[in-house]
Amino acid sequence: MTSFNQSNKDLGLKLITSRIFKGFGYATWVEVDYFVHTYGKTYSRPEVTDLDVVGIAFDGDLTMRAIVAECKSPEQGAAEDLLKLLGALNLLRASRGYLVKERIADNAREVASRNGVSCLDHEEALRLLNSLEPDAKTKLEGERQGYEAWTAVINNLRNDQSLSSVLRYLRRDFWIYKAWQNLHNLLYLSQNVLLPHLNPENENHRALILEFCRLFNISVLILCNSVLTSRLGQIEREVEVQAFGGPKARRDRERLYDEITRALPKRNTIPNPLDSRYLSQLKEVVTYYLMSPLAASKTPMALQQALFQNYLGVNNMYYGTLNTEFSEVTIKLAKDSSELLVGDDSGKGKEFLSQLLAI
Amino acid sequence: MSQELTQQTLGVRIHDINQGLVAVSSGLINTRLRRTKRVGVAAQLAGLVAGEQVVGYESLLVAAGELQMDDTLVDRGLEDLQTLDWVRVVERSSGAKRIEVKIPRLRDRYSELGDYWKNLNPQEIEVQAINIVDELALVPRHAFELKDKYDVSPNDFTVIADIGKSAGIIDAYDSPTDGRKILYSPVYWEEHPTELFKLEKKFKEEEIAAAIRQVRSHQGLSCDDVSDAVLDAAIKSGFLPTVSVDSTGGEKQFIFTPVEGLGKDRKTIYQKAMAILACVRYGQRYAGMRLIYPPEILLEALKRNKRINPHSEIVTQYSPLVKLRIGRIKKIGTRWSFELIETPDNLEALDLAIKLASVGEGRVTDERARRAVQLLLPSGQFKTQVKTRIDYRKSPKYSIDSLKIIHAMIGGVSSDII
């Protein structure tokens with residue numbers, strides 16, 4: 001598993017690639033661990049691979065596009081790196097892959113191009129970056145500062161045992177669960193772990209909340225795409241169905257709930273988890289997202305900028321502020337999904353979001 | 001004592017009467033109906049901005065001004081909407097403000113407004129006033145009956161009547177049958193229903209109110225489903241509007257409640273809405289090809305697709321709509337489809353028909369409210385309805401230059417530049 005504590009020889013290439021992906025219009029994550037569920041003698045989740053840079057963006061109809069990069073400084077082993085990348089593309093259902101190395105042999109390039117993978121050596125990556133960014137050097141330095149700032153947050157938090165499940169979810173679980181599962185898991189972690197244990201006065205805690213908002217936003221957008229492509233005229237019903245995995249999965253849960261309530265003594269009936277308060281709020285957020293899908297598609301980038309610029313204080317990562325880079329509607333929608341994640345009756349959630357809400 | 005009003009009805013009534021309360025500056029309203037006025041303002045503002053994502057504060061002030069709400073009222077209303085978590089007010093360092101809208105689009109916002117009003121602990125007189133207005137929404141009533149039913153003291157009843165009269169939400173006339181005072185609400189009743197007097201000779205007011213309530217809960221009720229003597233008499237007297245549809249199941253009549261707060265120039269809209277819903281109800285009840293969806297679903301599909309898919313009974317079932325120039329029949333192969341004629345009036349009538357089918361109540365906006373909402377929508381598209389019934393004794397007249405300034409401000413130009 002990639003550790004934030006180890007020296008990272010490939011970091012330079014990762015940061016260049018992350019910056020390139022941002023230039024393409026993707027929200028990016030550096031160093032994502034990919035695990036799978038297995039059940040041999042016991043249930044476990046062993047690591048499969050680590051993904052050096054992941055980029056996610058959404059089209060105007062909220063179709064998700066993912067791109068993945070493998071960044072390795074040694075010239076040798078291009079073929080192995082390429083195979084690993086192809087596997088990662090398949091796991092994430094990414095549309096495009098990038099192999100970024102100090103130098104890349106011609107035979108590796110040939111194989112890569114036949115498999116939808118672009119190859120960039122160090123010089124080519126810098127050339128591409130310069131073509132995308134008017135001030136590539138400063139922005140690359142900003143990428144480094146952003147990476148270090150976020151690494152510092154994680155390192156400060158990892159000793160807090162109460163947050164271990166949260167950090168694990170952030171780094172690996174999110175990437176293997178389906179979007180609808182992430183919706184429920186993130187909401188659960190938010191209400192049961194984050195809000196009870198975190199302190200709005202703590203900068204690291206605030207940054208962690210924003211990162212969760214970023215992931216939650218991705219899940220909401222994927223849900224919106226499901227609704228848009230299946231039945232846009234029946235948003236309420238489609239959210240009820242798609243938020244639980246589709247018609248069959250929803251029906252299975254209804255049956256399970258019916259059986260449980262039949263088995264429980266009457267005084268112990270549980271409230272219907274398929275009709276929770278957050279579900280009605282989720283429907284409203286999805287409705288507003290689908291009112292302006294083009295603006296909604298930019299929310300991952302907006303939340304990324306909010307995290308690094310407003311919460312981590314990295315100012316040279318972006319050319320302007322959120323107000324100059326994004327429309328009012330995009331900013332508003334970013335706030336909508338974030339408030340849904342951390343909203344609570346005490347108002348503590350809004351304290352975490354105060355910097356975002358003030359934009 | 002009467003049955004307690006639902007949260008939704010509370011919210012609706014508070015919204016309905018608010019325009020009258022806002023238009024009149026009165027010490028009595030400010031002291032005795034303070035909470036009702038406050039929630040009513042929030043309801044009206046919500047109606048103005050519903051359907052938007054982000055609205056400029058200055059644009060909102062201009063639009064609210066059309067509904068006679070000054071900046072103090074708007075600010076107070078925005079505070080309440082923030083408490084409800086329906087808006088965010090974001091102020092930039094330059095001082096410019098914008099309103100980020102989170103008005104519920106799927107949840108019943110009138111229920112939430114009603115709940116909010118209850119949590120403000122309204123005075124008893126406010127509760128009584130709302131109950132009386134709700135009664136008068138159904139049918140004009142004898143004053144003494146309402147006083148007894150809601151156990152209102154003579155002083156409080158005088159206050160309610162006085163406030164109602166000055167705000168244009170309650171008025172009175174002497175009954176031609178017994179000479180006693182009858183209260184009615186100009187918000188809901190444009191004219192004295194003379195046929196009502198004939199009904200009152202035969203039936204009690206409570207019975208008439210119950211009959212109207214029955215129709216309101218299912219607008220477009222078929223006459224074949226009427227077994228109530230009061231309703232039967234109301235239909236025969238012409239007191240309740242009916243629409244006839246003749247198709248494969250034979251000619252049938254469908255009943256509606258009288259129109260609410262409708263000026264003579266807007267009656268056509270309501271007639272069209274009734275006709276639309278009656279045709280759909282016919283399909284629901286009698287057609288050879290039975291409608292399996294709730295009518296509001298079919299009407300939403302008509303609104304979306306601008307047509308009803310071909311079936312064999314379209315020609316007869318929707319002929320009233322052709323006569324009213326709401327749509328046209330088009331032959332497709334061996335069958336017929338109905339196509340909507342997309343005029344603003346027809347679209348408004350369709351929206352109203354959807355509301356009648358789903359909520360039971362409909363509102364036809366008057367021109368001033370329509371203008372207020374359109375001020376926020378430069379494209380000219382009318383999106384939402386705001387209920388108003390305003391007595392414009394002194395309507396402001398705008399010069400061309402003033403109108404240009406208003407439009408520029410709403411378009412986002414800072415007021416200190418203009």
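Two strands count as paired if DSSP finds at least two bridges between them; helices (H or I, at least four residues) and strands (E, at least two) are DSSP runs numbered from the N terminus. This is a predicted model, in which local features need pLDDT of at least 70 and side-chain atom pairs count only at pLDDT 80 or more, while totals for chains, interfaces and linings use all residues. Residues are numbered from 1 along each chain as its sequence is written, chains are lettered from A and ligands numbered from 1 in the order written, and side-chain values use heavy atoms, with hydrogens and water left out.

On that footing, β2(B) and β3(B) (residues 97-101) pair in the antiparallel sense over five bridges, with V89(B) sitting opposite I99(B) of β3(B). The pair belongs to an open, antiparallel sheet of three strands in chain B, ordered β1-β3-β2. Its edges are β1 (54-56) and β2 (87-91) of chain B, each pairing on one side only. Neighbouring strands are turned by 25° against each other on average, direction ignored.

Now for the helices. Helix α5(B) (residues 71-83) lies across β2 and β3 of chain B, at about 120° to β2(B). Axes here are lines fitted to C-alpha atoms, for helices over the stretch in contact, and angles run from 0 to 180 degrees between N-to-C directions. Helix α3(B) (residues 34-49) and α5(B) have axes that come within 8 Å and cross at roughly 85°. Contact (heavy atoms within 4.5 Å) links α3(B) residues including V41(B) and L45(B) to α5(B) residues including L78(B) and L81(B).
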